[in-house]
Each structure stands twice: as C-alpha cells, then as structure tokens.
Amino acid sequence: MQIDLPLVWAAIVGLAVAMYVILDGFDLGIGVLLGLTDKANERDQMVNAIAPFWDGNETWLVLGGGALWIAFPGAYAVIMPALYVPVIAMLLALVFRGVAFEFRALAESSKPFWDSAMIGGSALAALCQGAILGGLIQGIRIENGAYAGGAFDWATPFTALCALGVLAGYALLGATWLVLKTEGAIATRAREQAKILLLVVLGFMVIVSAWTPFAFERIFERWFSLPNFFYLWPVPLVTALVAFIGWRALERGREVMPFLSAIALFLLGYLGLVISVFPYLVPPDLTIWQASATPSTQMFMLVGTLMLLPIILGYVVFVYWIFRGKVREGDSYH
Amino acid sequence: MEFDPVLIARLQFAFTIAFHIIFPTFTIGLSAYIATLMVMAMVTGRERLQRLAQFWTRIFAISFAMGVVSGVVLAYQFGTNWSRFSAFAGNVIGPLIGYEVLTAFFLEATFLGIMLFGWGRVPMRLQVFSSIMVALGTVISTFWIIAANSWMQTPAGHQIVDGIAVPLDWWDIIFNPSFPYRFAHMLNAAYLTSAFVVLAVGARYLLADRHPEQARTMMRMAIGLLAVLAPLQVLLGDLHGLNTLKHQPIKIAAMEAHWDTFGPGNFHVFAWPDEEAEENHFAISIPQGASLILTHRLNGQFLGLKEVPPQERPPVKTAFFAFRVMLAAGFFMVAAALVGAWLMWRGVLFETRWYLRIVANTWWIGFVAVIAGWIVTETGRQPWIVHRIMRTADAISPVTASTVATSLALFVVIYGIVFAAGIYYINRLINKGPQSRALESPAGLPTRPLSAAHDAGREALASRG
C-alpha cells in the first residue's frame, strides 16, 4: 500500500501547529490580559493559572517549526527568510515572556518591568504569529527554490488584520481559560472580557473570510467554484453556531464550555485557512509534494513520531490533571 | 557601512549559541544533582537534603527558562539565517533535531511543571520521579543535538543527490565517527561545570559562616564528583583530540598553529600565528609536546596548515587561543579538584580558607571552558559548515546584511538585559540560601513544625561549634 507520506506529514505539521496555537494561545492570551488589571494579587493568580504549563505549551512551537523543517525542508528554507522580521521579533518577544515568569516572581522593585515584559512579550508574539499567518496566506515569491523578495514584503494591511485577529483570538482563549481555572473577581471579569472578545474575534473571522476570496483569486476559486461550494458552505455556518454556543455558555455561567467553544472557533478558523490554501504549503507555487523531504527522511521520522506523540499527549494530559481545579488565592509560585 | 552578510550571519549565530550553551550546560548538571538529592532525601528521610534540593530547584528554574527561550531562537535561526544549509542538510539532520524535540524537550518541559509546582500537591515519589525525568530529558537532548552537530563535523551515512544530502543509513548518520567522543566530552563538561558551581556556593557559605551543614554537604558531594570527573575530562579530551586528528586534521593544525607537516611538533604555550606569512611569532613552546600528545611519539608528524590552500584553512588565531583558554580553565579545575580531594582526605577542607576563597570566586570557570571549547570545534571546522562538503559562505539565507545586522544588534541588547537579570536573581537566591523550613504546603507553611524546629535547632548549634 502506498502511503502518501507528504500528506501524512502535512497532517502532522498541521496537528502540531494546532496544538501550539491552542495551548500557547491561552497562555499568551493571559499574558496580554495581565495588562488589563493592575492589582498585584490578581496578576499573580492569573500567572499561577498558567505557570506549570507554559513551557510544555511552548514546546509545540519547536515541534511545529522543527516538523516543518524535517518534512518540508523546501518550504522551511523559503518561509523563514521571507518572514524573517516577524519570526525574529516573535522569538525576542518569547524570550522576554519566558524569563518574565521567573523574574517577576523574584523581583521586588523591578516587578512592574517584568510584568510589562510579560504583557508586551505576549502581545508582540501574538501579533507576529498573526503576521506570519497572513504573510503565508498572501504568498511568498520564490525563484530557483529560494526566497526572492525583500525584508518587508510580508507587511500589508492584510497581515496587520491577521495580526490583530490572532491577538484577539489568543486573548479569547486566555479569558475562557481564566473562567475555567480561576474564581472570584478575576473569573467574573474574565467572563465579561470573553464575551467582548468573542464578538471581536467573530468580527475578524468575518472580515478575513470576506477579504481572502476577493484579494486572492485562487482562494475565490477554492470556495465558490462548484461543486466545492456545496461541500464548504457549512463551515461558516458551523462557525456561527459555535460562536452562539460559546456566547450562551458565558451568559449562563458555564465554566468549561466557553473554553471548549473558543477552541472550536479556533479550529474552525484553522480549517477555513487550510481549505483556502491546501495543497500549497507556500502559496502560490510550492505544494506539499514539491517541498517534501525524501521518503527515507519522512518515514524515519514518522515511525518515531507515531510512537511518541501518543505518549507525549499522555503525559501532557497527566500534568493538566495533576494541576486540575481552581487556582487558589495564596498559591505561591514554587 | 558595508557588512559581509556571511560574517554577520556567523556572528549572530555564534553570539546566540554561545549565550545558549551556558544554560543547558548548567541545566544538565544541576538537574542530575537535584535528582540525586531528591532520591537521597526520599531514601534517608533527611529533610535537610529536601531543602537543599528545593533551594537548587529555584535556581534551576531560572537557568532552564533562559535555556528554553534561547533554544527556540536557535531552532528557528537555522531557517531564518541559514536556509541554504537547512535545505541542503535538512533531510539528514532534521530528524535528529525532531527526535530531540519528541524524546527530550517534551519530557523535560512537562515534568518540569511538577518539579517546580508539585510541592505539597503530589506525593513525594512523583516529585522525585519528575526530577529524574527532567535530568534524563537533558541527557537525551544532549545525545540528539551532539549527533546532529557531529554529523556536520564528520558526515557519514548519507549521499549527495541533486545537490542535497539525503540519508542512506541512519545508524551511520547518528553514530558518525566523532559522535561518541563529542557526546562524552560535552556531557562530562556539563557535570563538571555544575559541580564546580555547587562547590563554589558551598565555599561561599562557609566563608560567610552561613548554612554550615548544607555547605559542607555540597562541598563533599562536589569534590567527590570533581575528583573523578575532572581527570576523566582530560582523558576524554585527549581521545576526542585523537579522533579529530584522524577526521579533521586541519582543525588540529589550526588548534596547534602547526604550519609544516614535517616540521617539529612543538606545543606552543603561547605564540602569535601570522596567517599571511604562514608562521608563528613569539613562540614559547614545549619541544615535541604536540607530537607527543597527538601521535604518542616524540618525533611524530601530523598534518600542517600548509597542506591545504589558504581558502581551506580555518581562522588560526581563534582556534589556537580558544583552545589554550579551554586547556587553562580545564587544568585549573583538575588542580582544584585534586587539591580539594586531598584537603578533604586530610580532614581540613572546611578550614582551609585560601582554598575556599579561590573556589568561591571561580564558579564561572567551567562556563569559560565550555564556551572556549565550542569556539575551537566550530571555528576549527571553517570554512566548512559541513566538513569538506558545504562551505559556510554558501549556506546563508537570502536576507540582506543590514537586516541581519539589525537582528544581531537586538539580540545583543536583549540577551544582555536578560542575562544580567538572570545572574542578579540567581545571586539573590544564593544569598538567601536554603530555607530553614521545608516548603510542603501550598501556602508555604511547614506541615511538620516540630521537625522543622528540630532541624533549625541543630543547625544553630552546628554553626556555633
């Protein structure tokens, strides 16, 4: 039986990116939301809600980028130079965000500085990731297998739109995680923030969904040609339904459903993008099959990945289970 | 200002990786030490050991975080700045790094959560298990990354098809000729460096007459380990050198500033290599010293730099001086280890204040050795990025020099701030010292006040005596 290795790997890279976006999404989102309160104990509680998880969450970023390199070196070698500026900015933002976890716990007079580092770092990382997404969708110029554009080709109104959309999306994930993990004033406020953010995110999704088919002919073709349209029209409908369920869950004081709805919303947006772009890993020219590594490489990596991913997912679930329940006020940082 | 894009890209990678290597070096060693303390604490039931583990865990957390964020930078930098290398070598070394992520990074990162936040929440067994998993993760990580880097030094198990390297035999790729030596050498370096830090902290406390029991425990454990590992490192280094002579003879020639194959193989303690004139000035040498080390014969010959044209030679001054810095640091550590062991055997270690003063102020020496050693091995490989297969100059991304110069400037500034803060906070934690009460409940209150008081009383009595 012939396995389409590039297709399998596209699914794995897709999975790793989805895991990253959801998991680091909520902790970046909370980093951003930290800026909306100035009470020290509230900030501490919000950080404690993510402290045991952030490092494991961020590891999915390394897996996503790594898997892209391993399975699709042709794409990796083009995407990274093309999106140099947002990638580097994202990395520097993550440096500040990462060390801020430790430094703010130890700092006395410079705690406000490290809080700003966490807020600013989280926000910048989110914006950059959105810009990277937008830059990828709008396409990258390739000549002779290498990037052939300038340092700022990616910077367009469209990528700015995507950047803000991802920022709002992560903030939504963060707010709904707080609803799940905290109680008292923080949880109540997070619930209100989540409702606003839900509307904002939905707004961005509508704008991007309308923009992409009209800005990019290939995407218009993908969605509106027949018979595609008959298969694809449920996607926006289901999205609206999920948003509605999420809203009702927030209104009715539900604790877990808001976070699950936010995840579902993200996955639907993600699905929409995949539908728009597949099979081009680097629009408009490079497909997954063209960018692929050799079968030997993909197979060698696949065998191990199929064995290890379930184990990894297993102990990730385990850690979330160990730290289940509400973050109590007075929980100290190790 | 005209920047050479290759040089700027090299400077950026060199800077970010030199910064990064400091933290995994410390993390590998310290995680093993913490795991050891945790197991001992669980087995003996001595709370003092648990408190010592908790003390080092707080310091560990800082080092780990800085290692993670600087590591993510490197993972993406292969693509941003070295895309041609990534396209060329990705089929071969990509999976090695992929397995590093899957088998090591997730393991460490996940169990770190329990290690840092599990106190009072999870049973002691799980706490101990988590610290062992983190220590194990760091070793597995070292395995994979050294395999990948070693392939760049002694490529094997591949073939070149359509201008890129494709895998032939995965066993040969991973266990390439230089891998076992470099893996052993680096792993030992990590344990050695960390042991020296523990020794220094112990000495510092004794000099200040604080936490005397903990300080003595730390020094005893550190010296015990150093007395074995420091001399072992000399042996591992020698074996590594012999392997390098076999597979990368021009690197050895540069390290020794050895120009003529048939000339005397003197070991230059100091010299000023003149790369234009292809000779050394102001040489202070041990006659036949290099021949002896490299060929185990007094008149043994080894390849000189003049065997290859100048475009195939690494930067001689860099490799030469970095190597001597590493040797100096390394032999200092051997001396410190052996002197310390002798003093301990004579029972006067804790009262020998001149020794305590020296080691307390040289906690950084292992890091100097590690960075110097890495400079030797990486610059010694130049002008190749993959030894004799791909040149560094052909490996960069199509990104302008000014863009890279900007990102380099940002890295220098931001890493500078973060590093300074890290050292400051670690120093603060060391000044604070191990807690006198075990942190067992989430609110930070001891759950066994009597045993905490008992320990505190014993410590107070011990420091008086």
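Q: What makes E1(B) and E2(B) a hairpin, and which residue in the turn has a positive phi?
A: In this predicted model, the two strands form a hairpin with 2 residues between them, and Asp162(B) in the turn has a positive phi of about 50°. E1(B), which covers residues 158-161, runs antiparallel to E2(B), and 4 bridges join the two. Two strands count as paired when there are at least two bridges between them, so the 4 bridges between E1(B) and E2(B) satisfy that condition. Within this pairing, Gln159(B) stands opposite Val166(B).

Q: Why is a positive phi worth pointing out at Asp162(B), which is not a glycine?
A: Most residues other than glycine have a negative phi. Asp162(B) is not a glycine, and yet its phi is positive, at about 50°. Glu278(B), in the loop between strand E3 (267-274) and strand E4 (279-286) of chain B, also has a positive phi without being a glycine, with a value of about 60°.

Q: Why do Asp162(B) and Glu278(B) count as they do, buried, partly exposed or exposed?
A: The test is the number of other C-beta atoms within 10 Å, where 12 or fewer means exposed, 20 or more means buried, and a count in between means partly exposed. Asp162(B) has 5 such neighbours and therefore counts as exposed, whereas Glu278(B) has 15 and therefore counts as partly exposed.

Q: Why is Ile426(B) called buried or exposed, and which residues does it touch?
A: Ile426(B) is called buried because it has 21 C-beta neighbours inside 10 Å, and the cut-off for that word is 20 or more. Ile426(B) belongs to helix H13 of chain B, and, when residues up to four places away in sequence are not counted, it touches Ile59(B) and Ile62(B).

Q: What shows that the side chains alternate along E2(B)?
A: Ala165(B) and Pro167(B) point to one face and are buried, while Ile164(B) and Val166(B) point to the other face and are not buried. In a regular strand the side chains alternate between the two faces of the sheet.

Q: Why are H1(A) and H7(A) described as they are, roughly parallel or roughly perpendicular?
A: Helix H1 (residues 5-33) and helix H7 (residues 157-181) of chain A pack at an angle of about 90°, with their axes 6 Å apart. Angles of 65 to 115 degrees count as roughly perpendicular, and H1(A) and H7(A) are therefore given that description. Their contact has 14 nonpolar, 4 polar and no charged residues.

Q: How do you know which peptide bond, the one before Pro279(A) or the one before Pro383(B), is cis?
A: The omega values show that both are cis, since the bond from Phe278(A) to Pro279(A) has omega near 0°, and the bond that joins Gln382(B) and Pro383(B) has omega of about 10°. Most peptide bonds, by contrast, are trans. Pro383(B) is in the loop between helix H12 (365-379) and strand E5 (384-386) of chain B.

Q: How many residues of chain B are in contact with chain A, and which element supplies the largest share of that side?
A: 58 residues of chain B are in contact with 55 residues of chain A. H3(B) supplies the largest share of the chain B side, with 22 residues, and that side divides into 38 nonpolar, 17 polar and 3 charged residues.

Notes: Residues are numbered from 1 along each chain as its sequence is written. Chains are lettered from A and ligands numbered from 1 in the order in which they are written. This is a predicted model: local features need pLDDT of at least 70, side-chain atom pairs count only at pLDDT 80 or more; totals for chains, interfaces and linings use all residues. Two residues are in contact if their C-beta atoms, placed from the backbone, lie within 7 Å. Ala, Val, Leu, Ile, Met, Phe, Trp, Tyr, Cys and Pro count as nonpolar, Asp, Glu, Lys and Arg as charged, and the others, Gly among them, as polar. Axes are lines fitted to C-alpha atoms, for helices over the stretch in contact, and angles run from 0 to 180 degrees between N-to-C directions. Angles under 35 degrees count as roughly parallel, over 145 as roughly antiparallel, 65 to 115 as roughly perpendicular and the rest as oblique.
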